[in-house]
Amino acid sequence: MKPYFSDQDVTLYLGDAIEILPTLGTLDAVVTDPPYGETSLDWDIYPNGWPQLVAGHTSSMWCFGSMRMFLDHFDDFAGWRMSQDVVWNKGRGTSPATDRFRRVHEHVLHWYRGPWRDIYHETPRVQLMGRARGGRSSRHPGPSTHSAYGPSTWQDTGARLVESVLHAPKDVTSVSTNPTQKPVGVLELLITYSVPPGGIVLDPFAGSGSAAVAARHTGRRAVLIEKREEQCEAIAQRLAQGVLDLSAEA
Ligand SMILES: C[S@@+](CC[C@H](N)C(=O)[O-])C[C@H]1O[C@@H](n2cnc3c(N)ncnc32)[C@H](O)[C@@H]1O
């Protein structure tokens, strides 16, 4: 199938993911944000069966969604096991409903198939500075401790696992008009976790193409599918801007 856009890092297909997915080859991971089927937007129809189709190409998948979406379509994820859930705190609410708590977050669930030891995962860490290091590091400065498993050497470098609640405002710089755009900074963490350097991430519901921008920023490649032609055009323009895309800094 002829791509709508391609360069050395990114291949973008215009069309329905349900039809295009079976034609793709092996990929390292999926990082995607499907239509939740919860709004009146004309494209917001949950595409039944897509998790089974991507299972033919990879054993690792990050999927954005609301808890309602995951519960409504739970059977669609049969055969996938959940490793963890992350929350994106977007700071500003998007729901017009006034009879519920103001919704300022989205879930991102990581799913896998087969043995966990076979799943590539590189947990991102942050470097703590100054007093923030405190706690265990000051009580156990290492090296040389003993555990039930014998002597070990442990040196606190100040690095800590990235926490499961990610605070990031919506990106503001984009040629896209997609109201559901996800921040490149959050996507970079998910891609770094699940795709080895130089590997390929698939986003079958590409929207504004943020996953491809994040893939580029992190030295990975991306395959995208998007059903709406105007969005494909926006993605192609955005990617053609190349290094001028500053949305990760937004
Ligand atoms: C929630 S948005 C993705 C937003 C994206 N993560 C971003 O950061 O911009 C979902 C996208 O999937 C597209 N879409 C909906 N159904 C599709 C289908 N069956 N195949 C491919 N794309 C589809 C919609 O046009 C929309 O752009």
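**Entry 1: a starting pair**

I began with the pairing around V31, whose bridge partner in β4 is W62. Looking at the two strands as a whole, I found three bridges joining β3 to β4, and the two run parallel. I note here that I am working from a predicted model, so before going further I looked up its confidence values.

**Entry 2: confidence**

The mean pLDDT of the protein chain is 88, and 84% of its residues reach 70 or more. I marked residues 134-147 for caution, since pLDDT stays under 50 over this stretch, for which the model nevertheless has 20 contacts beyond four places in sequence.

**Entry 3: the chain as a whole**

I counted seven helices and 13 strands in the protein chain. Of its 250 residues, buried ones make up 43%, while the chain exposes about 13500 Å², of which carbon and sulfur atoms supply 53%. I also looked at how far apart in sequence the contacting residues lie: among contacts between residues at least 6 apart, 70% join residues at least 24 apart.

**Entry 4: the sheet**

Nine strands form an open sheet with mixed pairing, and I wrote down their order as β1-β2-β13-β12-β3-β4-β6-β5-β11. Its edge strands are β1, at residues 5-6, and β11, at residues 165-167, each of which pairs on one side only.

I then followed the order from the β1 edge. β1 and β2 pair in the antiparallel sense over two bridges, and they form a hairpin with three residues between them; here F5 has L12 of β2 as its bridge partner. From β2 I moved on to β13, where the pairing is in the parallel sense and runs over five bridges. Two of the facing positions I noted are T11, which stands opposite V223 in β13, and Y13, which stands opposite I225 in β13.

The step from β13 to β12 is also recorded as parallel: four bridges join β12, residues 200-203, to β13, residues 221-226, and D203 stands opposite L224 in β13. On the other side of β4, six bridges join this strand to β6, and these two run antiparallel; G65 has H107 as its bridge partner in β6.

**Entry 5: two enclosed strands**

How many of the residues of β4 are buried? I found that six of the six are, so the strand is largely enclosed by the rest of the structure. S60, W62 and F64 point one way from β4 while M61, C63 and G65 point the other way, and all of these are buried. For β13 the count is five of six residues buried, so this strand too is largely enclosed by the rest of the structure.

**Entry 6: M61**

I chose M61, which lies in strand β4, for a residue-level check. M61 has a relative accessible area of 0%, and because buried means under 20%, it counts as buried. Leaving out residues up to four places away in sequence, I listed what M61 touches: V30, W50, P51, V54, F77, W80, L109, H110 and W111. I also looked up its separation from S194, and the C-alpha atoms of the two are 8.0 Å apart in space although the residues are 133 apart in sequence.

**Entry 7: α5**

S194 led me to helix α5, since S194 is one of the buried residues of that helix. α5 is mostly covered, with eight of its eleven residues buried; the full list reads V184, V186, L187, E188, L190, I191, Y193 and S194, and I note that E188 is in it.

**Entry 8: cysteines**

Which relative accessibility does C63 have, and is it buried or exposed? C63 is at 0% and therefore counts as buried. C232 is likewise at 0% relative accessibility, so it counts as buried as well. I then checked for disulfides and found the count to be zero.

How values were computed: Residues numbered from 1 in each chain as written. Predicted model: local features only at pLDDT ≥ 70, side-chain atom pairs only at ≥ 80, totals over all residues. Heavy atoms only, no water. Buried < 20%, exposed > 50% of the residue type's maximum accessible area, 1.4 Å probe, protein only. Contact = heavy atoms within 4.5 Å. Areas by Shrake-Rupley, 256 points an atom, 1.4 Å probe, with all protein chains shown as cover. Pairing = 2+ DSSP bridges. Disulfide = S-S within 2.5 Å. pLDDT = per-residue confidence, 0-100.
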